[in-house]
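Hello,

Here is the structure I promised to send over. Have a look at it first, and then read on for my notes.

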Amino acid sequence: MSRKKLPIGIQTFREIREEDFYYVDKTTYARQLIEQGKYYFLSRPRRFGKSLFIDTLAELFESNEPLFRGLHVHDHWDWQVRHPVIRLSFGGGVVRDRIELERNMINILVANQERLGLTCSSPSDPAGCLAELIRHAHAATGRRVVVLVDEYDKPILDNLSRPAVAMEIRDGLRNLYSMIKDSDAHIRFTMLTGVSRFSKVSLFSGLNNLEDITVNARYSAICGYTESDLDTVFAPELEGLDREQVRQWYNGYNWTGDAVYNPFDALLLFRNREMRPYWFETGTPTFLVDLLMERHVLSPSLERLSAPESLLSVFEIGDISIEALMFQTGYLTIESVRRIGGFAQYRLRYPNLEVRSSLNGALLQRLRPNPAEYAGQITQLHDLLMANDFTGLEALFTSFFAGIPADWLRRNPIARYEGYYASVFYACFAALGLDIVPEESSAGGRLDMAVRFNRQVYLFEFKVVELEPEGTALAQIKDKGYADKYRVRGCPIHLIGVEFSRESRSVVRFEVETVAPRTGHCSSAGFP
């Protein structure tokens, strides 16, 4: 198979097909949607290919047959039928208030009028103009209209830190979208895409007939690349890459069906040939990190969040749950679902190593006044682990806690509790991309943290004391037999008890004991 051009950042279906870029055929999903329904809503994180899918739908309904030769839908479509398409995209620029929103909507509708050769009698009224445009397009062509809305929620998301402004913008968008339902007799197909899933009450009260396919197993891979896509479409790009490492770093986004890679990650990996947090670096919102810090969310807890479907579906201005925010923005994904009658409970997890490592790194940096100092300490942590230098490890963490600004500690009472200290340790190891299990269960109880690295096992227990060390952390690891389940692996096991002073907010005891495995051979299986 010959190599093709990589469609990095390209959202135009025509360009990809005419310029011979790689293309993962998503027209099977397009055909299913069109044949089985009329009104759809899809939420996916940023840079997942939503805009390309919307553009594909537009070219399909406009019957641009040459673009679809060789694709699934080509032999299942009537190319003699051409529908008028109205496209509303809010992905460009930043809308700062209701006035800018109105101006943006007017400009978008003007572009649609020019493309369709129609004119609105009230161009300064976006909602009225949209309704008029739908009616006139139907009358002029004799074909019902297709309405495609991309990044429907971006003007709201751009202003989440200003709730009053965000609500005004939401109301303006609601007025516009309500015209779609009122125009039902003139519409053949409608699809809205975005990042968030605002409730139908707040934003879609006038468009409550949308079928939400966000968490639908049949459409889990409607955006993104599957393992099969990498092995077939992108087979020429895989040479020289560690396939398992690629999978751990980037695969894992799931909406109850097939897991997928973020296309932006995969394409940049193929071009640059090195593992980097490409998606994370393009726009992890400061708002997200600020909210996690403000609500004292301990990073290990993100490994085991669960939420009912109703909570994941709610994204309200001024009342955003951590579960919904993390899931809808792509920093957590669905691991499993438990259904009891009509009730669904979702267990969430990090999608992959990129997100787990990068998000924990971002949280750690927020605790440090000097980002360069943080980077040096994380690198040092890796080197100390490679050497099993536990004296250096103690000094490193003592220094790290000492470097957290006193003002932050005074303003955050959580800094007096065991979970906070465990969270910092966890975040440091997670930022390195290590294999970590927080609060691991065993026959003896629940260990605070297990780390597997370089054919070594590190078992951590954390305790908070008032002032003086008590020696209870290491004793608990031994008394509870936390190491027993690891001895059969034949790898060195290090028991590490760490105690923190509630008053000095620092490490006051760091005990290490290495126990011999039951066998002499250490298997590398399962180790990063």
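Let me start with a cysteine: Cys 428 has a relative accessibility of 3%, which places this residue among the buried ones. Cys 223 is buried too, with a relative accessible area of 2%. Before going further, please keep in mind that this is a predicted model.

**The disulfide**

The count of disulfides comes to one. The bond joins Cys 120 to Cys 129, with a distance of 2.1 Å from S to S. Both of these cysteines, Cys 120 and Cys 129, are buried. The torsion about the S-S bond of Cys 120 and Cys 129 is about 80°, so this disulfide is right-handed.

**The overall picture**

Stepping back, the protein has 21 helices and 13 strands. Its C-alpha trace spans about 85 × 55 × 50 Å along the principal axes. The radius of gyration is 27 Å, and a compact globule with 528 residues would have one near 24 Å, so the two agree. Of the 528 residues in the protein, 56% are buried. I also looked at contacts between residues at least 6 apart in sequence: 69% of these join residues that are at least 24 apart.

**Two sheets**

One open sheet has five strands in the order E2-E3-E4-E1-E5, and their pairing is parallel. At its edges are strand E2 (85–89) and strand E5 (211–212), each of which pairs on one side only. Strand E1 (residues 39–43) runs parallel to E5, and two bridges join them. For Tyr 40, the bridge partner in E5 is Glu 211. Helix H2 (residues 27–36) packs on this sheet, where it touches E1 and strand E4 (187–194). The direction of H2 makes about 130° with that of E4.

Another open sheet consists of three strands in the order E6-E8-E7, with antiparallel pairing. Here the edge strands are strand E6 (306–308) and strand E7 (333–340), each pairing on one side only. From one strand to the next, the twist averages 25°. E7 and strand E8 (residues 343–349) run antiparallel and are joined by seven bridges. If you want a place to look in this sheet, find Arg 339, which stands opposite Ala 344 in E8.

**Salt bridges**

A search of the whole structure turned up 31 salt bridges. I will pick out a few that you can find easily in the viewer.

Arg 3 and Glu 237 meet through their side chains in a salt bridge, at 2.6 Å from N to O. Arg 3 lies in the segment before helix H1 (13–18), while Glu 237 sits in the loop between helix H8 (227–232) and helix H9 (243–250), so this pair ties together parts that are 234 residues apart in sequence. Are the two partners buried or exposed? Arg 3 has 56% relative accessibility and counts as exposed, whereas Glu 237 is buried, with a relative accessible area of 1%.

Glu 237 also has a salt bridge to Arg 273, at 4.0 Å from N to O. This pair links distant parts of the chain as well: Glu 237 is in the loop between H8 and H9, Arg 273 is in the loop between helix H10 (263–272) and helix H11 (278–281), and they are 36 residues apart. Arg 273 is partly exposed, and its relative accessible area is 34%.

There is also a network to look at, in which salt bridges that share partners join Glu 227, Asp 231, Arg 243, Glu 244 and Arg 247.

One more pair is worth a click: the side chains of Arg 69 and Glu 65 meet in a salt bridge at 2.8 Å from N to O. Glu 65 counts as buried, at 18% relative accessibility; the cut-off for buried is under 20%.

If you open just one spot, I would suggest Glu 237, with its salt bridges to Arg 3 and to Arg 273.

Happy browsing, and best wishes

Key
Residues numbered from 1 in each chain as written. Predicted model: local features only at pLDDT ≥ 70, side-chain atom pairs only at ≥ 80, totals over all residues. Heavy atoms only, no water. Helix = DSSP H or I, 4+ residues; strand = E, 2+ residues; numbered from the N terminus. Buried < 20%, exposed > 50% of the residue type's maximum accessible area, 1.4 Å probe, protein only. Disulfide = S-S within 2.5 Å. Pairing = 2+ DSSP bridges. Contact = heavy atoms within 4.5 Å. Axes fitted to C-alpha atoms, helices over the stretch in contact; angles between N-to-C directions. Rg over C-alpha atoms; globule rule 2.2 N^0.38 Å.
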